[in-house]
Structures are given as C-alpha cells and as structure tokens.
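Visitor: I would like to go through a structure with you, one question at a time, and I would be glad if each reply showed its reasoning before it settled on a result.

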Amino acid sequence: MSRTVENDFRNLEKYIENYRLSDLVVESRYSKVLKKNHKSILILLTLWSNICLIESNKKLIIESVHITQTSITFQLLREAVSDILSAFFCSLNGAYKPASMSLRSGIENVIRAITAIEEPKATKLTSVYELFNLSKNAVIFSLPRKKFLSDLHSVYKDLCKFTHTASVEHMTSVNSLEHFPIFCEKQFSNCEKQVSKVIKDCVSLILLIAPEIYQNSHYKSREVFDLGIGLHTRKLLLKAF
C-alpha cells in the first residue's frame, strides 16, 4: 500500500513540474478572451491601488465615514478583490465552476462592505437574501447607484446555479488532475463576461459612492477607469469636479 501511495505521489510531482499554461496562450481563441479579461482585471487593480494610496494618506472617507485598514469595510473590499482575482485565476486554468463560486463570493463581499458603512449589522447577516434586502433599502444605494446593485444581484443569482449545481449544464465532472489546464471557449468566454460585468458594476458603484477616488487619481488611472465604467457614469463623475 505504501509503495502505491509513494508511486502516485511521484506522479503528482511530475504533473506539477510539467504544469504550464503556455500551450493554451498560443491558442488564438484563448488569447482573445484573455485580453478582454486582462483589461477588466487592470481596472479592478487600478481602483484598489488608488483606494490603498488614499487610505495610506488617511484620507479615505466614504459617506462621511473615515475608512482605515482596520475598518470592516476596507477588509471586506480587500477580500472582494481577492475573490475576483481568484475567479480570474481559476478561469485561466479551466476551473470554471470554482471561478463562478469565487466571483459570487466577491459580489457578496462588495455589497456587505458598502452596506456596512450605513448599516453595521450587514456584517452579521448570514443570509445573503437578507443582505440584499437590507442593501436595497439603504440610502447609500439610492439612484443612480441602485442600478449597479440590481445588476450585481442578477449576476449573483445566475452564479448560484453553479454553486448549487442547478443542472447537468453546471456540472464539471472533474475526476483527475490531468483535466487541468484545459480550455473550453464557451465556458472561458462566459466567465470573462461575468468577471467583466461584475468589475464594471463594482468599480462604477464604488466611484459613484466615493467620487473623490476618481477625481484625485492620476490621469493615467482615470484613463483606465474610463475603459470600464461607461459613458453615463463618467459624466456623473465629471459633474462632481
């Protein structure tokens, strides 16, 4: 028995040694979707780097609330960024179901982080249904921000199909590590669209709630933001100057 385990472990080591994504990147269809994904991830990371910079200068104020690294809102936003990046990483390797589950977690953390600014009890709710109901009635999500909350809720409900394996369509049937990395154009594209949508809605929402982030950012950061927030949101942010 020990020899069987040892031999299989050697196979695992060889698998890890030989694991690479380079064979997928040379595939033009993979690279095309990857390029779209990269733009969205860059927008997210640009937002987070600006938030961290403002916080380091002790000037991160959202809805008259001073946010610091120890604030639950900051911690939840940081985790949301981690969730979305994890979703991106999973999709790169062909782990589409875990990508969807991580993206779902990212949405929940963003909504919880923002709602907690006005309603501290948001951090204690274990029911996501109750969390969204609380958010819908929060002033912080008033127009024009409410649209993005609604859009995120719609994506969240769609992602629940993967979490709860609603149908055979949402099953992945992975029974060996040799399954990865893998590229399925349909599923990779679907993940890209969901990640891009979530990032667009989250970034737009946060910038509308804290327009100072947009206003005080370097012009190169604003150029990146403008790639993903949409013309209407950009006009609203420019009016705040």
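**Helices, salt bridges and backbone**

Guide: To begin with one packing contact in this predicted model, the axes of helix 8 (residues 185–209) and helix 11 (residues 231–239) come within 10 Å of each other and cross at roughly 15 degrees.

Visitor: Is helix 8 roughly parallel or roughly antiparallel to helix 11?
Guide: The axes of the two helices cross at roughly 15 degrees, and angles under 35 degrees count as roughly parallel. The arrangement of helix 8 relative to helix 11 is therefore roughly parallel.

Visitor: Is the crossing of helix 8 and helix 11 left-handed or right-handed?
Guide: The angle, roughly 15 degrees, describes how the two axes cross, while the handedness is a separate property of the pair. For helix 8 and helix 11, the crossing is left-handed.

Visitor: How many nonpolar, polar and charged residues does the contact of helix 8 with helix 11 have?
Guide: On the side of helix 8 the residues are Ser204, Leu207 and Leu208, and they meet Thr233, Leu236 and Leu237 of helix 11. Sorted by class, this contact has 4 nonpolar, 2 polar and no charged residues.

Visitor: How many salt bridges does a search of the whole structure find?
Guide: Side chains of opposite charge can pair when their charged atoms come close. One such pair is Glu27 with Arg29, whose closest N and O atoms are 3.1 Å apart. Over the whole structure, the number of salt bridges found is 12.

Visitor: How many residues apart in sequence are the parts that the pair of Arg29 and Glu185 ties together?
Guide: The side chains of Arg29 and Glu185 meet in a salt bridge with an N to O distance of 3.2 Å. Since Arg29 lies in helix 3 (residues 28–56) and Glu185 in helix 8, the pair ties together parts whose separation in sequence is 156 residues.

Visitor: Is Arg29 buried or partly exposed?
Guide: Two of its salt-bridge partners can be set beside it: Glu27 has a relative accessible area of 26% and is partly exposed, and Glu185, at 34%, is partly exposed. Buried means under 20% relative accessible area. Arg29 has a relative accessible area of 40%, so its class is partly exposed.

Visitor: Which residue forms a salt bridge with Glu108?
Guide: The partner lies with Glu108 in helix 5 (residues 96–118), 4 residues apart, which is about one turn of the helix. This partner has a relative accessibility of 7% and counts as buried. The closest N and O atoms of the pair are 2.7 Å apart, and the residue that pairs with Glu108 is Arg112.

Visitor: Which residues are linked with Lys147 in a network of salt bridges?
Guide: Here the linkage takes the form of a network of salt bridges. Together with Lys147, the network links Asp151, Lys197 and Asp201.

Visitor: What is omega for the cis peptide bond from Phe180 to Pro181?
Guide: A cis peptide bond runs from Leu143 to Pro144, with omega near 0 degrees, and Pro144 lies in the loop between helix 6 (128–136) and helix 7 (146–163). Pro181, for its part, lies in the loop between helix 7 and helix 8. The bond from Phe180 to Pro181 is cis, with omega near -5 degrees.

Visitor: What is phi of Glu63, a residue other than glycine?
Guide: Lys58, in the loop between helix 3 and strand 1 (61–62), is not a glycine and yet has a positive phi of about 60 degrees. Glu63 lies in the loop between strand 1 and strand 2 (65–66), and at 37% relative accessibility it counts as partly exposed. Phi of Glu63 is likewise positive, near 55 degrees.

Visitor: Which residues does Asn50 touch, not counting those up to four places away in sequence?
Guide: Asn50 lies in helix 3, and with a relative accessible area of 7% it is buried. Its C-alpha atom and that of Leu237, 187 residues apart along the chain, are separated by 16 Å. Residues up to four places away in sequence aside, Asn50 touches Ile213, Ser217, Ser221 and Phe225.

Terms used: Residues are numbered from 1 along each chain as its sequence is written. This is a predicted model: local features need pLDDT of at least 70, side-chain atom pairs count only at pLDDT 80 or more; totals for chains, interfaces and linings use all residues. Side-chain values use heavy atoms; hydrogens and water are left out. Axes are lines fitted to C-alpha atoms, for helices over the stretch in contact, and angles run from 0 to 180 degrees between N-to-C directions. Angles under 35 degrees count as roughly parallel, over 145 as roughly antiparallel, 65 to 115 as roughly perpendicular and the rest as oblique. A crossing is left-handed if the near helix is turned anticlockwise from the far one by less than a right angle, and right-handed if clockwise. Contact means heavy atoms within 4.5 Å. Ala, Val, Leu, Ile, Met, Phe, Trp, Tyr, Cys and Pro count as nonpolar, Asp, Glu, Lys and Arg as charged, and the others, Gly among them, as polar. A salt bridge is a side-chain nitrogen of Lys or Arg within 4 Å of a carboxyl oxygen of Asp or Glu. Buried means under 20% relative accessible area, exposed over 50%, partly exposed in between (1.4 Å probe, protein chains only).
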